[in-house]
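Work through the exercises below with the sequence and the model at hand. Try each task before you read its solution.

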Amino acid sequence: MARERIYLDNAATSWPKPASVVEAVHDHLTKLGACAGRSGYREANEVERLIGDARKQIAYLFGTHVQEQVIFGHNGTDMLNLALHGLLRRGDHVITTSVEHNSVLRPLSTMREMLDVDVTYVQPGEDGRVDPNAIGEAIRDNTRLVAITHVSNVTGAIQPVEEIFAIAKDRGVRMLVDAAQSAGHLDLNLGETPIDMVAFSGHKGLLGPLGTGAMILQADIAEELQSQRQGGTGTKSESDQQPTELPSKFESGNPNVTGILGLRAGVEYIREQTVTALNRHCMHNTARLLEGLKTMPTVRILGPENLEHRTSVVSIIVESFDPHELATALDSAFGVQCRAGLHCAPLMHQHLGTIGIGGTLRFSLGIFNTAEQIDRTLEAMQAILR
Ligand SMILES: Cc1ncc(COP(=O)(O)O)c(C=O)c1O
C-alpha cells in the first residue's frame, strides 16, 4: 500500500492535481496525439483549438481578453529569462529586491557581467514586504525596469505590486512581476493594473503539470522584447526570419502540448472554483498551522504576522535544529513532506540572517490540504521537538 503523504511542498510544485488535469494529459497522450499549429487533420485542429482556449482561460483569469498576449514556455524561469534578456540593453538600470528568486537574480547577474546592466537591490522591511516608496526612490534617468516578485517563496509576504506599478508607470519605467507564487492563489487584474510583463509557472498554483509556464505581455512591450529562441513556429514558413506576430515571436519549436492541455484544465478548475474561494480554504489552514506553531516556544515564524499580507507559504526556524534534519524527520517518521534550505532565494536569507544556519523549514499549503493534515503536521512537529 502506498504510504500516505501529507504534501506541504506546493510552492515547489502543486500536488495532487485535479482529476480533470490528469484526464487532459491522458487524453492528449492516448487520443489526441498531435502537435499544435503544424498539421491540418482532425486531432491536430482540436489540439490547436485547445491551446487557443488555454490562452483564453489564462487571459480571463488575469482579467484580460487578449489571448495572443499569453506566451507559453517551459516554466516560470524560462519566462523570466525571456522578459529580462529580451528587454534589457547594455547600460540599462534595473531595480529589483532582495526578496527575489534566483530565476530573477541569476539572469540579472549574468547581464551585469555581459552587458554592464546596473542593478539596485531594494531591501524589504521587517516583515518581508517592500515599501513602494523605496522603489520610487531608487528610480534613475536610465532605469528601464522594475522586476519584483508578487509573493516571496520564502516568507509568503505579498508585495504591493499594484502600488509599485503606479509609481513605475508614472516615471516611464517598465515592470516585470514574477507571479510564480501568486498565480492561482491571488487575483491580479491586468485589466485594471496593466503591468507590462507577468511571468509565472503553470505547475504551481495553476495546477498544471511540470514543464509548463506562461507570461502575459502588454502589446507595446511585446514589440520591444527580443525573441530569445528562434525557429519553426508553423507560421510564415516561406521566410527564414522569426515572425513578429504574437505568440509565434516567442514560441519557437514544438510546445509542451501535453502539459499545456493539462494546464488548461487546471486553470478551468480554478476559474470554476474561483481564486477567492480556493485562497480562503488555503488561508484557513494556514491560520491553523500558524496558530499551532506559535504555541511551540523554540519555533520562530518568519514573514508577516498579518494574514492579509501573506499567502500559504510558511517558513520557520527552530532553535537547535537544522532545517534539513527536521524536514527529514518529518517525512521519514510522519509522512509530512516539506522543504528545507534556501529555496533559491539567497539574498532573502542574507536579509533574514538565515543563510548561515541552512535556511528555513518551509511548509507550503495547497488547495487539497485538509485541516486534519495540518493537525497531524503540528502533532509531528511536537513529537520531534519534545
Ligand atoms: C518566486 C519564484 N520565482 C520563480 C520560480 C521559478 O519557477 P519554475 O520552477 O517554474 O521555473 C519559483 C519556483 O519556485 C519561485 O518560487
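Two exercises follow, one on the domains and one on a sheet.

This is a predicted model, in which local features need pLDDT of at least 70 and side-chain atom pairs count only at pLDDT 80 or more, while totals for chains, interfaces and linings use all residues. Residues are numbered from 1 along each chain as its sequence is written.

**Exercise 1.** Find the domains of the protein and describe the side of domain 1 that touches domain 2.

Solution. Begin with the division, taken from an automatic or database domain assignment: domain 1 covers 19-273 and domain 2 covers 275-385. Next, look at the contacts (C-beta atoms, placed from the backbone, within 7 Å), where 27 residues of domain 1 meet 23 residues of domain 2. On the domain 1 side, α4 (102-115) and α8 (257-273) each supply at least two residues, helices being DSSP runs of H or I with at least four residues and strands runs of E with at least two, numbered from the N terminus.

**Exercise 2.** Trace the open sheet of four strands and place helix α10 against its strands.

Solution. First, read the order, which is β9-β10-β13-β12 with antiparallel pairing; two strands pair if DSSP finds at least two bridges between them. The edges are β9 (299-301) and β12 (339-341), each pairing on one side only. Then follow β12 to β13 (residues 360-364), to which three bridges join it, and note that Ala 340 stands opposite Leu 361 in β13. Finally, helix α10 (residues 323-334) lies across β10 (313-318), β12 and β13, running at about 165 degrees to β12, where axes are lines fitted to C-alpha atoms, for helices over the stretch in contact, and angles run from 0 to 180 degrees between N-to-C directions.

How values were computed: Two residues are in contact if their C-beta atoms, placed from the backbone, lie within 7 Å. Ala, Val, Leu, Ile, Met, Phe, Trp, Tyr, Cys and Pro count as nonpolar, Asp, Glu, Lys and Arg as charged, and the others, Gly among them, as polar.
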